[in-house]
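Got the viewer open? Load the model, switch to cartoon, and let's walk through it stop by stop.

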Amino acid sequence: MENANIMVVDGVPVKIEGERNLLEVISKTGIKLPVFCYHSDLSIYGACRLCMVEDERGRLMAACSTVPREGMQIRTNTERLRKYRKNIIELLLASHCRDCTTCEKSGRCSLQDMAVQVGIENVRYPNDRNESVRDVSSPSIIRDESKCILCGDCVRECNEIQRVGAIDFAYRGSEAKISTPFGKPIAQTLCVNCGQCAAVCPTGAIIVRDDTPKVWEKLDDPKVFVTCEIAPAVRVGIGRELGLVDDENEMGRIVAALHRMGFDEVYDTATGADLTVIEEANEFVNRIEKGGTLPLFTSCCPAWVKYVENKYPQFLPNVSTCRSPMGMFAAVIKDYYKNRLPEGKTSHYHVALMPCTAKKFEAKRPEFRTEYGPNTDDVITTQEMIRMIKRSGIMFNELRPEAVDLPFGTMSGAGVIFGVTGGVTEAVLRKIAADSSRTALTQIEYTGVRGMDDVKEAYISYKGKQLHIAVVSGLSNARKIVKDIESGKASYDLVEVMACRGGCISGAGQPYISGRNRVKRGEGLYRTDSVSPIKCSQDNPLMKELYNGMLKGREHELLHVEYR
């Protein structure tokens with residue numbers, strides 16, 4: 001009985017403890033097998049065959065799709081397996097673009113890493129790759145067929161996790177490729193710009209669009225006043241790539257780095273989130289008390305809004321009229337500086353630093369333009385920011401943290417937690433709560449809105465009514481909720497939706513994470529909230545100043561939008 005559920009990996013006994021496949025068991029021994037098509041969040045595909053292992057009889061099997069069994073004896077590093085893996089990588093390289101030094105994914109490409117791991121020194125086969133066909137139609141991502149290795153990660157992400165269906169396999173055999181319906185440009189499909197396909201792509205076949213050249217151009221122009229706002233999730237997603245801990249709050253260093261690059265003023269989008277909390281809470285209460293359309297769907301996530309427009313337009317009246325924190329804050333900043341440019345500056349250029357690729361799409365929506373131009377001139381992601389820091393030669397881990405600039409220099413903890421699933425809901429509940437004491441806020445924390453579950457439900461008492469709330473992340477989960485509402489199976493008063501699992505902390509513009517790392521990033525934002533002296537958005541003194549000043553009588557003009 002002592003040897004029950006034991007298998008042997010390279011001579012080392014290891015206990016089977018409910019793992020789904022050999023790959024998970026093998027990783028417990030400290031061995032990392034090469035994989036392209038395996039992601040723990042996606043279905044098992046078994047296409048790349050790099051994770052092949054050998055049993056005691058010499059049989060080969062894919063570790064990702066083989067269920068572990070008691071008594072199995074597995075070898076992971078035989079001469080036969082080394083030759084096998086090397087040959088696979090050579091064949092992939094034979095039909096792959098080899099302009100690695102100029103590829104946007106250079107240094108972060110799994111194919112590069114695998115070539116080093118298996119010892120590729122030359123490729124015996126001629127390069128028969130197709131000419132580069134780049135689809136640059138999307139404001140968020142760029143596709144390049146010549147760099148695709150047909151691992152299928154993007155297809156499964158788009159169809160299983162997001163249920164968007166913008167891309168899939170087309171044709172068969174040697175003609176197989178990843179395609180949009182009828183080969184249309186990606187911008188003409190149902191793509192919602194969430195960018196999760198780019199997040200899981202192991203090569204440069206799908207990448208986040210790089211808008212940094214335009215930003216550098218403005219920074220170099222002495223006549224342009226350049227401002228930047230930083231989304232809450234960025235502060236806990238930037239550290240790992242720059243020699244620090246991934247889930248620690250690096251807001252101070254990010255501000256310092258932006259100042260070094262030449263940004264004139266830097267702000268925290270959490271301030272814009274405070275505006276969103278106040279407006280959305282007011283809208284929610286108004287709908288409850290006056291019999292408005294329910295449930296109220298949150299509108300902070302542009303990929304979710306686009307998803308509703310594409311697939312469930314009948315629910316557009318349920319979507320909050322509130323702009324996202326970026327949308328509100330950008331409108332306020334642009335309006336504030338319209339007639340207040342510093343001496344010597346002739347124009348204002350506003351940049352948003354976001355964890356999200358869909359924000360690039362949002363910034364270009366006509367709803368967020370005025371006669372003076374777009375409210376947000378450009379959006380750069382966390383990944384783009386990391387490249388800007390490296391190209392500047394800035395030693396990020398040695399920077400002295402700096403504070404955001406005035407006049408928009410205060411924000412609440414409620415605004416910060418917007419970056420994690422459940423954060424918007426918790427912030428709204430803090431606003432409508434009759435009691436805002438520390439004890440009452442702690443009780444809200446334990447209502448069930450926190451945590452990394454894809455779907456969470458909570459019941460909240462409000463003026464004698466029992467409100468039913470749902471918090472959802474991942475568009476496939478949102479689809480289930482919408483269908484339940486549509487069929488009458490479920491009834492909610494408020495539904496928070498984030499397109500990316502875990503919320504903005506897992507946005508496609510961030511360095512990629514999954515599983516436990518999402519929890520850590522979320523905890524990083526909650527730690528920031530816990531030490532914030534202002535817990536509720538309505539207690540931010542800047543809000544009173546704005547509402548009694550520039551926003552007075554203009555709330556709808558600057559803070560709301562109507563999606564059609």
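Start with the whole chain: of its 564 residues, 58% count as buried, where buried means under 20% relative accessible area, exposed over 50%, and partly exposed in between (1.4 Å probe, protein chains only). Before you click further, note that this is a predicted model, with local features needing pLDDT of at least 70 and side-chain atom pairs counting only at pLDDT 80 or more, while totals for chains, interfaces and linings use all residues. Residues are numbered from 1 along each chain as its sequence is written, and side-chain values use heavy atoms, with hydrogens and water left out.

**The overview**

Colour by secondary structure and you get 19 helices and 20 strands; these are DSSP runs numbered from the N terminus, helices being H or I with at least four residues and strands E with at least two. The radius of gyration is 25 Å, close to the 24 Å that the globule rule gives for 564 residues, so the chain is as compact as a globular protein of that length. That radius is taken over C-alpha atoms, and the rule is 2.2 Å times the number of residues to the power 0.38. Along the principal axes, the C-alpha atoms fill a box of roughly 80 × 60 × 50 Å. Among contacts with a separation of 6 or more, 73% are between residues 24 or more positions apart, contact meaning heavy atoms within 4.5 Å.

**Into the core**

Select Ile167, Ile206, Phe297, Trp304 and Val495: they touch the most other members of the largest nonpolar core, which has 54 residues. A nonpolar core here is a set of buried Ala, Val, Leu, Ile, Met, Phe, Trp, Tyr and Cys residues joined through side-chain atoms within 4.5 Å. Apart from that core lies another, of 46 residues, including Ile230, Ala231, Leu242 and Ala363.

Which residues does Trp304 touch, not counting residues up to four places away in sequence? Phe297, Thr298, Leu475, Ala478, Val482, Val497 and Ala499. Now show helix 9 (residues 302–311): eight of its 10 residues are buried, so helix 9 is largely enclosed by the rest of the structure. Trp304 is one of those buried residues. The cover over them includes strand 13, helix 11 (358–363), helix 16 (475–487) and strand 20 (494–498).

Helix 14 (residues 423–432) is another one to select, with nine of its 10 residues buried, so helix 14 too is largely enclosed by the rest of the structure.

**A buried loop residue**

Go to Val236, in the loop between strand 11 (224–230) and helix 7 (251–261). Val236 is buried, at 0% relative accessible area. Its contacts beyond four places in sequence include Asp246, Ile505, Arg521 and Leu525. Try a distance label to Thr528: the two residues are 292 apart along the chain, yet their C-alpha atoms are separated by 9.9 Å.

**Backbone oddities**

Most residues other than glycine have a negative phi, and most peptide bonds are trans. Here are some exceptions to click on:

- Leu294 to Pro295 is a cis peptide bond, with omega near 5 degrees; Pro295 sits in the loop between helix 8 (269–290) and strand 13 (296–297).
- Leu406 to Pro407 is cis as well, with omega near 15 degrees.
- Phe182 has a positive phi of about 60 degrees, and at 82% relative accessibility Phe182 counts as exposed.
- Leu150 has a positive phi near 60 degrees and lies in the loop between strand 7 (141–144) and helix 4 (153–161).

**Out to the surface**

Stay on Leu150 and add Tyr45 and Phe169: together they make a nonpolar surface patch of about 240 Å². Patches are made of residues with over 30% relative accessible area and no salt bridge, with like charges joined within 9 Å and nonpolar side chains (Val, Leu, Ile, Met, Phe, Trp, Tyr) within 5 Å. Leu150 comes in at 31% and Phe169 at 32%, both partly exposed.

**Salt bridges**

Last stop: 39 salt bridges, each a side-chain nitrogen of Lys or Arg within 4 Å of a carboxyl oxygen of Asp or Glu.

- Arg80 and Glu54 meet at 3.7 Å, N to O. Arg80 is in helix 2 (residues 79–94) and Glu54 in strand 3 (residues 52–55), 26 residues apart. Glu54 is buried at 7%, whereas Arg80 is partly exposed at 44%.
- Glu367 and Arg365 have their closest N and O atoms 2.8 Å apart.
- Arg554 and Glu557 pair at 3.0 Å. For a finale, select Asp211, Lys214, Lys360, Asp378 and Glu384, which salt bridges with shared partners join into one network.

Key: Areas by Shrake-Rupley, 256 points an atom, 1.4 Å probe, with all protein chains shown as cover.
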